[in-house]
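I sat down with this one to look up a few packing details, and these are my notes. Have the model open alongside as you read.

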Amino acid sequence: MTNKKHAWSEESIAKARKALKERLSGHAIPKTLVGLQKKCKELYELLNRTVAYGESNTCMLIGPSGCGKTTLVNKVLQELSEKYDDDFCTVYLNGLYQTNDTIARKQLTRQLGIQIRQNQTDLEVFDLFKSGNNATKPIIIIIYNFDEFVKNCTKPFVYNFFNITMIPENCPMALIGITRKLSIFTDLPSNILSRNSYSHINVERPYTIEVFTQLAKSVLTIDNSITNDKKYCEMFNKKVQELFENKSFKNIIEKIFNNATDIIRTFQKICFEPVGKMNMKHPFLILDDFTEAVVQQDVKIDKILQELHEPQLWILLAIHSLGGRDCNTFNFAMVYNEYTNYIKSYIKESGSKFKQKLIKEHLLRAEFEFLEQRAIIRKADGKDLPKDFRMMRLTILHEQIVDVVSNNNSLPSLMKQWIS
Amino acid sequence: MNELVEEFPGRSRQIETLINWFGEPTEKTPHSIFIHGNRALGKTEIIKKLFEIGFPKHNYSFLNCKIYFQLDDLFEVSLNLLSGKKHKCKNFDEFATTLQDICETSDETRYLIFDNAELLWNFSQTLVSALLTLPQWTGANLCIIFITQVPWEKFRRYVGMIEPFQLYFPEYSRSDVIQILEKTCPKDEDVEFYSSFVTYIYDVFSDSCDLIDLFRVIPDLYIKFIQPQNEERVSRNDYSLLFNELNPHVELALDNLYSQNITSLIENQLPTWSLYLLIAAFLASYIPQSLDKHLFSKEHEKQKHSRKRRKKEFNALKFNEQFTGPQTSEMERIIAIFQSIYQDSIIPYILLLQQLETFVSYHLFTRTTPVERKDVQSFRCNLSFNYIKQISKSINFDILRYLDDSSTM
C-alpha cells in the first residue's frame, strides 16, 4: 500500500456516481453547451423577445439526431425560467405521441389547463388562444418530431397553429419545431409556409475532434455542486484528465467520432459501465473498463454471422449461389434444391469414397425459419403461399456471407470450395 | 446474484453488466437496453429471474409481445403491472401521461420490458421510436428493455432513432451446454455416467438443435439409453455398446424433431375418393392448364405437339412446380381432373363440394376467391409433394406418371 492511498468517503463516491449516471442517461441539463453557445444565445434571444415583449415567433430547429437539439431547448428554457420564474407557459408536443388532431388538442389543453385555469381543460384550444391578448401569459410551444406532427395532423390544424402566431392581438406565442429532416420547409404546404417567419436554427454535430473531446471531458468532470468533498473532486478530475491524455483512450474517442452517427450518445453508452463500477475499492474511472465497454457495445452483424450454426451457413451459401445467377429473391424450395445439387455434384466428382452427410430437408427448413426470425432473411412480398414457396430476400450483403465463410477455419472445406 | 450466476452457467458477464447498469434503485439507468442474441440462450429467463429476485413487484412490467395483439392491451396491462390499478388507455399519448403520473410517486427506476420486441413493429411504425424517447420525454426514471432475436442493425427500420444500450448474448460454449444439461440429471443417477450420456447427445444434436430442443429429446432418449442396462444385457461401463444400442433412437428423434406426420391422420379419416380429390387438386395446382389435354384426355397419344414446344413448356413447368409453389385453379378444373383419374364410381357433385369445403377448413386448401362468389370458385392445394406421394402410395395411384411424364420430356 502506498501512502498515496486515501480513504474516500462512500457518500461522495455514491453521489458522484449518481450524478454522472444522471448525465449519461440524458436526464441532466449540462452547465455549458460545448460548441453550441452561439446557437444557444440565438434561441434564447428569440424566446426572450416572446416572453419579455410579447412578440410572436416561429422557429425550426433542424439537425441530425444526437446533436443537442433537445438539450439546447431545455437549457434555454431553464435559463428563461430562472429569469422570469413563472411568467410564461411551456407546452410540449411530440409528433410521435400526439398522432392526430384530437389527441394533440387534448394534450395541449391539458398542459395549458394545469398552467392557466385548473378546471377548463376541455375548452376548444384555438378559442383559448384567441381569447388571450397581449397581456396574457406568453406561451412557448415546443413540438418534437415536427415532421411527424405535420404528417399526422390535418393541414387546417397545423395552419391554425402558425396562423395564431401571425396575429398580433392574440396572446404572444412562440412555436419551436424540432426535427431531423432537412427538407422540412419543402414538405410544408405553402399556405402554412407563408405564416412561418422562416427563421430556423441549424444545429450541427461537433465537427472537430477537439470540440468533441472537450464535450466528452465536460460530461465526465465533476465539481463541488455534486459533492462537497473537494479533495475527491480534485482527484477525480485529475484522473479524468489523465484518461484523456492516455493514447488508447484517445483512440476510443477518435473511433467514436469517425464511425458513430450519434456520437454523444455512443460516448455515453461506453461511459455508463465504468461509472457504474465506481465503488469503495475503485473510486475512480479505470481505462480498462472503457476498453471493455467498447468491445461490448460494438456488436456488428458480422459477429452474429460468425456464430451461426453450420446448417444456417449452408443455407446462406445456397442463397449466395442463387444470387450469382441473378436470383435475388428465393424460397426454401429453391434453396434446398441448390444445396442438394451442390452436394450431389460434389459427391459425383469426388467419387463414392467421400460421403458428405446431406442435411435432411425438415431440419434445414427449421433453420431457414430461424434465419427469418433473426431477420437475416425477410419476406419479399405479402403473398400467402405455403411456407416452402414464400419468396424471401436477403437483408445482408453477399460479400458478408463470403467473408464469414472464408474467415472461419473450423468449417469444412466443402463449404469454402463453393464460394471460391 | 451468485445464485443467478450459478443457475445460468456461461452468462456471468451478462448478469454482471445488467446489475451494474441497474445500480442502486434511485440511480438513473440507461434510458433503453436492447438485449439480443440467438434463440434459447437465456435472455428472457435471466431477465425474468433477475427482476423477480431483485425488484419490487410494481417497479417493472414484463410483457411478451406475442400475447398482445392490440395496442390498448399492451398499454393497459403494463400500466396495471406498474401501478396495481386498472387504467383505461387508448393511445400512446395517454400512456405517456399516465406513466408520468405513476413515476412521480417515487424516485425508483421503473422498467418496461418487452419480450419478442420485433413484434412491436406490427402495432405501428412509430411505436418503437416513441418508446425509445419515453424516458427523455417524461423526464422520469424509466428504463425501456427490448428482448429480441433480431440484431439492432436489422431491428431499427430507419436511421436516426435513439440508439439503445446493447447487450449481446453470445452462443453457449460446448462446456456451458453440457453443464446446463447435467442439471437435468435424475436424482438417483451417477453424475459422471449421465454426463457422458449428455455429451454424446450434444455432439450429435448440436448442429441442428437448440437448448430447448435438447431438453425435449433428452428424457426420452435417456430412458432408451438405460433400457439395455436395466434389462441386464449390457454392463454400465460398456459405453460403446450402450451408444450403439442408442443410435437408432437418436436417428428417429432427429427425424421427428421439427416434423409431425399428418398423413396417417388424413388417410384414416377420409374415404378413398376424397384422397383422389386431394391428388386432383394437387395436380391442378402444379400442372399448367395447357397440358391438361395432353395428360388427362384419353386420346392423348394422338395429340402431336412439336417436340420443341413441348420441351419449352415442360421446362417452364419444372420451374413452376418446384419453386413458385402451387398455382390457383378453378373448381371446375379440379373436378374435371378428379373425374379423369377416378373412375371407380360416380360421386355426387354435392359431396365433392362438401369435401372441398372441409379441405378448406382443414387448411389443406386455400380459397383464393371470395366466399360469396359461389359461381366461380378457385382453390390452391397446400400439401407438399411428399404428402401427396405418401397418399398416392397408400391408394396405389401412380402420381409420378403425371409429373414424371412432364418433367422427363
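**Two helices crossing in chain A**

I began with helix H13 (residues 263-276) and helix H14 (residues 287-297) of chain A, whose axes come within 8 Å and cross at roughly 130 degrees. Axes here are lines fitted to C-alpha atoms, for helices over the stretch in contact, with angles from 0 to 180 degrees between N-to-C directions. Helices (H or I, at least four residues) and strands (E, at least two) are DSSP runs, numbered from the N terminus. I noted H13(A) as oblique to H14(A), because angles under 35 degrees count as roughly parallel, over 145 as roughly antiparallel, 65 to 115 as roughly perpendicular and the rest as oblique. H13(A) passes H14(A) in a right-handed crossing (the near helix is turned clockwise from the far one by less than a right angle; anticlockwise would be left-handed).

Before going on, I wrote down the ground rules. This is a predicted model, where local features need pLDDT of at least 70 and side-chain atom pairs count only at pLDDT 80 or more, while totals for chains, interfaces and linings use all residues. Residues are numbered from 1 along each chain as its sequence is written, chains are lettered from A and ligands numbered from 1 in the order in which they are written, and side-chain values use heavy atoms, with hydrogens and water left out.

Which residues meet between H13(A) and H14(A)? I found A:Lys269, A:Ile270, A:Cys271, A:Glu273 and A:Pro274 in H13(A) against A:Asp289, A:Phe290, A:Ala293, A:Val294, A:Gln296 and A:Gln297 in H14(A); contact means heavy atoms within 4.5 Å.

I also checked A:Thr266, which lies in helix H13 of chain A. Leaving aside neighbours within four places in sequence, A:Thr266 touches A:Ile256 and A:Ala260. The C-alpha atoms of A:Thr266 and A:Ile256 are 7.1 Å apart, with their positions 10 residues apart along the chain.

**A small stop at the sheet**

In chain A, three strands form an open antiparallel sheet in the order S6-S8-S7. Strands S6 (329-330) and S7 (377-379) of chain A each have a single partner strand, so one side of each lacks a neighbour in the sheet. S7(A) pairs with S8 (residues 392-394) over three bridges; pairing requires at least two DSSP bridges. A:Lys379 stands opposite A:Met392 in S8(A).

**Over to chain B**

In helix H9 (residues 174-182) of chain B, I listed B:Asp176, B:Val177, B:Ile178, B:Ile180 and B:Leu181 as buried (under 20% relative accessible area; exposed is over 50%, partly exposed in between, with a 1.4 Å probe and protein chains only). They pack against helix H10 (191-205) and helix H11 (211-230) of chain B.

Is B:Thr199, in helix H10 of chain B, buried or exposed? B:Thr199 is buried, at 19% relative accessible area. Beyond four places in sequence, B:Thr199 contacts B:Arg174 and B:Ile178.
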